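Here are some exercises to work through at your own pace. Try each task with the sequence and the structure in view, then compare your steps with the solution.

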Amino acid sequence: MNKDEVEKLLSKRLKIDKDINKLKKELTNFEREKKKLNKQIYDICNHNWIYDYKYFTYNDRPQICTICRFVK
């Protein structure tokens, strides 16, 4: 490989690193937005909690809301 080819590959690698960082930031923003939306949904929902018998450990039966599908 000559010097120009190496420079092109280095440049391409740098661009990919920048794109990865940009996408990581975007993913973090989406996760924050989802968390905020989940909190809003949880706060405004008129929950109808029922026991969910599909998932349990011994005597611990989780409850699920039939409206928003959150589990507690």
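## Exercise 1: Two cysteines

Cysteine 65 has a relative accessibility of 0% and therefore counts as buried (buried means under 20% relative accessible area, exposed over 50%, and partly exposed in between, with a 1.4 Å probe and protein chains only). Before going on, note that this is a predicted model, where local features need pLDDT of at least 70, side-chain atom pairs count only at pLDDT 80 or more, and totals for chains, interfaces and linings use all residues. Residues are numbered from 1 along each chain as its sequence is written, and side-chain values use heavy atoms, with hydrogens and water left out.

**Task.** Work out how many disulfides a search of the whole structure finds, and why the sulfur of cysteine 65 has no bond to the closest cysteine sulfur.

**Solution.**
- Step 1: Recall the cut-off: a disulfide is a pair of cysteine sulfur atoms within 2.5 Å.
- Step 2: Find the cysteine sulfur closest to that of cysteine 65; it belongs to cysteine 68 and is 3.6 Å away, too far for a bond.
- Step 3: Check from the other side: for cysteine 68, the closest cysteine sulfur is that of cysteine 65.
- Step 4: Conclude that the search of the whole structure gives zero disulfides.
- Step 5: Add the surroundings: cysteine 68 is also classed as buried, at 18% relative accessibility.

## Exercise 2: Charged partners

**Task.** Find how many salt bridges the whole structure holds, and say where lysine 15 and aspartate 19 lie.

**Solution.**
- Step 1: Use the rule that a salt bridge is a side-chain nitrogen of Lys or Arg within 4 Å of a carboxyl oxygen of Asp or Glu.
- Step 2: Searching the whole structure gives two salt bridges.
- Step 3: In one of them, the side chains of lysine 15 and aspartate 19 meet at 2.9 Å, N to O.
- Step 4: Both of these residues sit in helix H1 (residues 3-44), four residues apart, about one turn of the helix. Helices (H or I, at least four residues) and strands (E, at least two) are DSSP runs, numbered from the N terminus.
- Step 5: Lysine 15 is exposed at 52% relative accessible area, while aspartate 19 is partly exposed at 32%.
- Step 6: Lysine 39 and aspartate 43 also form a salt bridge, with their closest N and O atoms 2.9 Å apart. This pair lies in helix H1 too, four residues apart, and both residues are exposed.

## Exercise 3: Rings that meet

**Task.** Which residues do ring pairs link into a cluster?

**Solution.**
- Step 1: Take the rings of Phe, Tyr and Trp (its six-membered ring), which pair if their centres lie within 6.5 Å; planes under 30 degrees apart count as stacked, over 60 as edge-to-face and the rest as tilted.
- Step 2: The whole structure contains two aromatic pairs.
- Step 3: Tyrosine 42 and tryptophan 49 have ring centres 6.4 Å apart and planes at 50 degrees, so this pair is tilted.
- Step 4: Tyrosine 42 and phenylalanine 70 have ring centres 5.8 Å apart and planes at 80 degrees, so this pair is edge-to-face. It links distant parts of the chain, with tyrosine 42 in helix H1 and phenylalanine 70 in the segment after E2, 28 residues apart.
- Step 5: Put the pairs together: Tyr42, Trp49 and Phe70 form a cluster.
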